[in-house]
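I opened this model to look up how its strands, rings and charged side chains are arranged. These are my entries, in the order in which I looked things up.

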Amino acid sequence: MAERSLRGTNLSWLSFESDEGVTFSDREISRYVCPDGHVSELPFSVEAEVPPIWECRCGLDARLENGPEPELKATKPQRTHWDMLLERRSVPELEELLEERLSLLREMRGEKPRRKRSA
């Protein structure tokens, strides 16, 4: 039985293609330097547009050495929960809602109702 067993050909990692007759494009080495001083040298095709910023292995943005200044994108300030709440309600409305909820909680606890503070 062992004489008739089939053997595989490792098709999962073996390629039958070759590099014969393939001409590679001309390349140039671009150097990127990050704020921590790490230097990355990457090959790019001469015809390719070289990006002004590349992510360094440490996670920071490395800038192209002797390259143009990168364009900074305009960013909007982050909206907080308070900002979104103020879009729906005014401050006096919020104070009134707070007083209503606090009085309900006090009733549930069995506390005496409090008098409103005079301004």
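Entry 1, the aromatic side chains. I am working from a predicted model, and I began with Trp54, which is partly exposed with a relative accessible area of 34%. I then looked for its ring partners and found that Phe44 and Trp54 form an edge-to-face aromatic pair, with 5.7 Å centre to centre and 80° between the planes. Phe44 belongs to strand β2 and Trp54 to strand β3, so this pair ties together parts that are 10 residues apart in sequence. I noted Phe44 as buried, because its relative accessibility of 14% falls under the 20% limit.

I next asked how many aromatic pairs there are by this rule. The count comes to 2 aromatic pairs, and I took up the one between Tyr32 and Trp54, which is tilted, with 6.0 Å centre to centre and 35° between the planes. This pair links distant parts of the chain, since Tyr32 sits in strand β1 and Trp54 in strand β3, 22 residues apart. Is Tyr32 buried or exposed? I read a relative accessibility of 0% for Tyr32, which therefore counts as buried. I closed the entry by recording that Tyr32, Phe44 and Trp54 form one aromatic cluster.

Entry 2, the sheet. I wanted the strand order next, and I found that 4 strands form an open sheet in the order β2-β1-β4-β3, with antiparallel pairing. The edge strands are β2, covering residues 39-45, and β3, covering residues 53-55, and each of them pairs on one side only. From one strand to the next, I noted that the twist averages 40°. As a reminder to myself, strands of a sheet pair through backbone hydrogen bonds, in either a parallel or an antiparallel way.

I then went through the pairings one at a time. Between β1 and β2, which run antiparallel, I found 7 bridges, and I wrote down that Arg27 stands opposite Ser45 in β2. These two strands, β1 and β2, form a hairpin with 5 residues between them, and in the turn Gly37 has a positive phi of about 95°. On the other side of the sheet order I looked up β3 and strand β4, the latter made of residues 61-64; they run antiparallel and are joined by 3 bridges. Which residue in β4 is the bridge partner of Ile53? I found that it is Arg63.

Entry 3, the salt bridges. Side chains of opposite charge can pair when their charged atoms come close, and by the rule used here I have a count of 4 salt bridges. I first looked at Arg31, which forms a salt bridge with Glu41, the closest N and O atoms being 2.8 Å apart. This pair links distant parts of the chain, with Arg31 in strand β1 and Glu41 in strand β2, 10 residues apart. I recorded Arg31 as partly exposed at 32% relative accessibility, and Glu41 as partly exposed at 49%.

I then found that Arg31 has a salt bridge with Glu65 as well, where the closest N and O atoms are 2.9 Å apart. Here too the pair links distant parts of the chain: Glu65 lies in the loop between β4 and α1 (81-88), Arg31 lies in strand β1, and they are 34 residues apart. Glu65 counts as partly exposed, at 34% relative accessibility.

I also looked up the salt bridge between Glu87 and Arg79, whose closest N and O atoms are 3.3 Å apart. Glu87 counts as exposed because its relative accessibility of 56% is over 50%, whereas Arg79, at 47%, counts as partly exposed. Coming back to Arg31, I noted that salt bridges with shared partners join Arg31, Glu41 and Glu65 into one network.

Entry 4, the segment before the sheet. I turned last to Trp13, which lies in the segment before β1 (27-33). I noted Trp13 as exposed, with a relative accessible area of 62%. Which residues form a nonpolar patch on the surface? I found Trp13, Leu14 and Phe16 there, with about 420 Å² of accessible area together.

Conventions
Residues numbered from 1 in each chain as written. Predicted model: local features only at pLDDT ≥ 70, side-chain atom pairs only at ≥ 80, totals over all residues. Heavy atoms only, no water. Patch = residues over 30% accessible without salt bridge, like charges linked within 9 Å, V, L, I, M, F, W, Y side chains within 5 Å. Areas by Shrake-Rupley, 256 points an atom, 1.4 Å probe, with all protein chains shown as cover. Salt bridge = Lys/Arg side-chain N within 4 Å of Asp/Glu carboxyl O. Buried < 20%, exposed > 50% of the residue type's maximum accessible area, 1.4 Å probe, protein only. Pairing = 2+ DSSP bridges. Axes fitted to C-alpha atoms, helices over the stretch in contact; angles between N-to-C directions. Phe/Tyr/Trp six-rings, centres within 6.5 Å; stacked < 30°, edge-to-face > 60°.
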